[in-house]
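Good morning, colleagues. I should like to take you through a few features of one structure, beginning with a single residue and moving outward from there.

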Amino acid sequence: MKTMAFASRNAKEILRDKTSLGFGIGFPVILLLLLSLIGANAPVDMFQIDKLTPGIAVFGMSFISLFSGMIIAKDRTSSFIMRLFASPMRAGDFIAGYTLPLIPMTVVQVLICFAAAMILGLSPSFNILLTVVVFIPAALLFIGIGLLCGSVFNDKQVGGACGALLTNLSAWLSGTWFDPAMVGGVFEKLAECLPFLHAVDAGRYALAGEYSRIIPELTWVLVYAAVVDVIAVLVFRHKMKSE
């Protein structure tokens, strides 16, 4: 109950910032529109709507990381979090309270992205709902990255880590704009070692109905999400003790 009450408070804080919320949801849709126009006028397979949409959906989750990092960083630098440290909540309760309201927010963001894609020509199918489910581990990963950054950095530093660094990593190493195999070498190996490319590929396979190919890609994302979330809890616990 205490975790749910804390999650409710965090949800209100997120919804209060309507400008950032609108940008986080609207910007991926604008990108989808612009890149789909390129795909309509150029024979580039990567920019076809069925290949492009999962990549844009994963890229949009980097803004969720920014939300999660900013809210925990602002709480840490205010007297609010100090009062909460006197409560019986543990580090895991805090991280869960920050995570829970961001999951439905991510689902809404992904659904809006696919709704825009259907307007642009994506065929409606059950696989769209399956793709949304497949993206939940990726959502947990991005939320965990934001919470980890927010547990370590202040709100200005979180803007640089999640707003700049993570956005570029998820853009260039996810295979959204181009296939990393086209670059090859260290760049391709780095993309294959990180979870972003695997998250996009899992979504593309789910959307295409290639069900047997989903789990191998999704396993990468699940492992990364579990590791990042555990580290976030441990780091936040250390901050609780030190502060």
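Please look first at leucine 37, which lies in helix α2. Before going further, I should say that the model is predicted.

Is leucine 37 buried or exposed? Its relative accessible area is 46%, and because partly exposed covers the range between 20% and 50%, leucine 37 counts as partly exposed. Leu37 also belongs to a nonpolar surface patch of about 580 Å², together with Ile30, Leu33, Leu34, Ile119 and Leu120. Helix α2, residues 18–41, supplies the largest share of that patch, namely four residues.

Let me now turn to helix packing. Two packed helices are described by the angle between their axes and the distance between the axes. Here, helix α3, residues 49–76, packs with helix α8, residues 136–152, at an angle of about 30 degrees, and their axes are 7 Å apart. The crossing of α3 and α8 is right-handed. Among the α3 residues in this contact are Val58, Met61, Ser65, Gly69 and Arg76; on the α8 side, the residues include Ala138, Phe142, Gly146, Gly150 and Val152.

Finally, the charged side chains. How many salt bridges are counted? The count comes to one salt bridge. The side chains of glutamate 210 and arginine 213 meet in a salt bridge, with an N to O distance of 2.9 Å. Glutamate 210 is partly exposed, at 32% relative accessibility, and arginine 213 is likewise partly exposed, at 40%.

Thank you for your attention.

How values were computed
Residues are numbered from 1 along each chain as its sequence is written. This is a predicted model: local features need pLDDT of at least 70, side-chain atom pairs count only at pLDDT 80 or more; totals for chains, interfaces and linings use all residues. Side-chain values use heavy atoms; hydrogens and water are left out. Patches are made of residues with over 30% relative accessible area and no salt bridge: like charges are joined within 9 Å, nonpolar side chains (Val, Leu, Ile, Met, Phe, Trp, Tyr) within 5 Å. Accessible areas come from the Shrake-Rupley method with a 1.4 Å probe; for residues, only the protein chains shown count as cover. A salt bridge is a side-chain nitrogen of Lys or Arg within 4 Å of a carboxyl oxygen of Asp or Glu. Helices (H or I, at least four residues) and strands (E, at least two) are DSSP runs, numbered from the N terminus. Buried means under 20% relative accessible area, exposed over 50%, partly exposed in between (1.4 Å probe, protein chains only). Axes are lines fitted to C-alpha atoms, for helices over the stretch in contact, and angles run from 0 to 180 degrees between N-to-C directions. A crossing is left-handed if the near helix is turned anticlockwise from the far one by less than a right angle, and right-handed if clockwise. Contact means heavy atoms within 4.5 Å.
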